[in-house]
Amino acid sequence: MDTMQLTIAEARRALDAKEYSALELTEAHLDAIAKKDGEIHAYLEVWADSARAEAKKADEMIARGEAMPLTGIPLAIKDNILIEGRIVSSASKILESYRASYSATVIDKLRAQGAVFLGRTNMDEFAMGSSTENSAYGTTKNPHDLARVPGGSSGGSAAAVAAGMAMGALGSDTGGSIRQPASHCGVVGLKPTYGAVSRLGLMSMGSSLDQIGPLAKSVEDARTLLASISGYDENDSTSLPANSEQRTANRKLRKVIGVPRAFVKSGVETDVLALFEETLARLEKAGYEIRDTEMPNVAYSLPVYYVICPAEVSTNMARYDGIRYGLSVPADTIQHVYTKTRRAGFGAEVRRRILTGTFVLSSGYADAYYRKARAVRQLIREDFRRAFDAVDAIALPTAPGPAFKVGEKSQDPLAMYAEDIFSVTANLSGTPAISVPSGTVEREGKSLPVGFQLIAAHGAEETLFAIGSDVENIK
Amino acid sequence: MGDKVDVAALAKLSRLEVSAEELRALEKEIPDILSFVETIKEAHGSTSSPRAGSGLQNVMREDGEPHESGKYTKELLDAAPAREGDRILVKQVIKRK
């Protein structure tokens, strides 16, 4: 069994045809992990025993004729999504031995289908970063070149899928944390519409931006995973009700794709831009109209994001104080318990964002930074709304370049932030976005994958899957 | 970024202990980040009515007990670093003079 190429769709067919068992499928993935993960370090913990037990249960479901789309499918879970009783650390020292008190809604949904959980995957601490170098437990390596990062923050999830160490994975995307590692590892990554997937049991980072989404080997697999995890959840106040317009959007495909040309040219590497243009040309050949689209405010996306995200980080991280759960450093006064726990528990980027966020929210500066950013965010949303009157989707590169070298950007926060230039805009607008592999570029004799990003209107994930499948087929 | 950013004061506000060495690095990094994000000042967009047209709405639940009292007490207390009976134990917060 070649776990590198095997899709969920093909495994479903083979499992239902009894060509192999769910246990054999899980064993094949555990073997791949044993062989490769020493070098790649995609997993922080592998749950071999419980995975085998879940696979056996899945085999019973299949034998009874009760198989669902993900029954017996081995998946990897990002280390910021809670599974009751399991350690979940967000790759932070502050939660090193924290065990989840309950399971995330997405986990309950996958469990109900009989999916198999292989383990928890590495990430940038609390999902802050674009390379996994901010993990407190070491960097994940890119399976295409071990000298390079897999992207981030869901780098472990992307690397696990790319290396055949999971059939699919869950990640979270606040500013590109699913799509950018998907691009760098050569897999499909989807950030759903804000509110499409319940966030109960996802550790909050930027609450107006965060979404859980799938990483997979094909657009079809990403669609299967999304269908299995999405839906209204009364326990998440940002969850879209079933009858919400942003869920039921039914858009007929006009086969028109918009490109904000002026924005695309900003800071993208030459051969990545060439590959982007080549994909557009192929889509044109396949019957799409490619149209220049004016989006005057999207150029502000990155600076707007790096005001709003740290502001929300500074409030969300306040809960980690050594009192209710997680690390607690003993001290003489409660004030020192807070400060010493946070000093010992948080890494450099988390601290940087807490401090930046505290500044932009502080009295005297909040108007110029936070409130201004919120106003410009509204303009960006308007740009998208206007654009979708005329086009099905907006096309952008996923990231400005292919995977970069370990250590190349880790000492320069602004260089790392620039990785997110094309991805944060979909989080600011709340629109769904997908990254689909679209070819490779050469760096130092290695072929490195590059993703093609599509952004559609709220609730129009089906548009992304339709065009995304065409991108897969015209390569 | 014209003004000097008082990182030590920000650290105090956000309950972070910062070493002298880290403070020196942050005193350069945070102004760099702020001067980068300052480009948003060139954009239009009024800060006066941030909610207008945003489609945001408040989400409330019905008044009443969401679940029976004590249902999750054990699970949540099990995660606490220190406890005394059904309470989380902390250092004294208010001192008598």
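User: Let's start at a helix end. What sign does phi take at Gly164(A), just after α5(A)?

Analyst: A positive one: phi of Gly164(A) is about 70°. As a general idea, most residues other than glycine have a negative phi. Helices here are DSSP runs of H or I with at least four residues, strands are runs of E with at least two, and both are numbered from the N terminus. One note on reading everything below: this is a predicted model, in which local features need pLDDT of at least 70 and side-chain atom pairs count only at pLDDT 80 or more, while totals for chains, interfaces and linings use all residues. Residues are numbered from 1 along each chain as its sequence is written, chains are lettered from A and ligands numbered from 1 in the order in which they are written, and side-chain values use heavy atoms, leaving out hydrogens and water.

User: Which residues other than glycine have a positive phi, and where do they lie?

Analyst: Two cases are worth a look. Lys18(A) has phi near 60° and sits in the loop between α1 (8-16) and α2 (22-40) of chain A. Ala127(A) has a positive phi of about 70°, in the loop between β3 and α5 of chain A.

User: Are Lys18(A) and Ala127(A) buried or exposed?

Analyst: Buried means under 20% relative accessible area, exposed means over 50%, and partly exposed is in between, with a 1.4 Å probe and protein chains only. Lys18(A) is exposed, at a relative accessible area of 56%, whereas Ala127(A) is buried, at 5%.

User: Which residues are joined by a cis peptide bond?

Analyst: In general, most peptide bonds are trans. Here the cis bond joins Gly152(A) and Ser153(A), with omega about 10°. Ser153(A) belongs to the loop between β3 (116-121) and α5 of chain A.

User: Why is helix α5 of chain A described as largely enclosed?

Analyst: Eight of the eight residues of this helix (residues 155-162) are buried, so the rest of the structure largely encloses it. Among them are Gly155(A), Ser157(A), Ala160(A) and Val161(A).

User: Ser157(A) is a useful link. Which residue of strand β2 touches it?

Analyst: Contact means heavy atoms within 4.5 Å. Ile77(A), in strand β2 (residues 74-78) of chain A, touches Ser157(A). Not counting residues up to four places away in sequence, Ile77(A) also touches several others, including Ile83(A), Leu110(A), Phe117(A) and Leu170(A). Ile77(A) is buried, with a relative accessible area of 1%.

User: And what surrounds Glu54(A)?

Analyst: Glu54(A) lies in helix α3 (residues 48-63) of chain A and is buried, with a relative accessible area of 16%. Leaving aside neighbours within four places in sequence, Glu54(A) contacts Arg111(A), Ala115(A), Val116(A) and Phe117(A). Phe117(A) is thus a contact of Glu54(A) and of Ile77(A).

User: Stepping back, how do I read the overall form of chain A?

Analyst: The radius of gyration is taken over C-alpha atoms, and the globule rule is 2.2 Å times the number of residues to the power 0.38. For 475 residues a compact globule would have a value near 23 Å, and chain A agrees with 21 Å. The C-alpha trace spans about 70 × 65 × 50 Å along its principal axes. Chain A has 17 helices and eleven strands, and 64% of its residues are buried. Of its contacts with a separation of 6 or more, 75% join residues 24 or more positions apart.

User: What does chain B look like?

Analyst: Chain B has three helices and two strands, in the pattern α-α-α-β-β along the sequence. Of its 97 residues, 22% are buried.

User: How big is the area buried between the two chains?

Analyst: The size of an interface is often given as the accessible area lost when the parts come together. Here buried area is the accessible area (1.4 Å probe) that two parts lose on being put together, summed over both. Between chain A and chain B that is about 4,300 Å², with carbon and sulfur atoms giving 67%. In chain A, Leu355(A), Tyr369(A) and Lys372(A) lose the most area to chain B, together 14% of what that side buries. Counted by contacts, 52 residues of chain A meet 48 residues of chain B.
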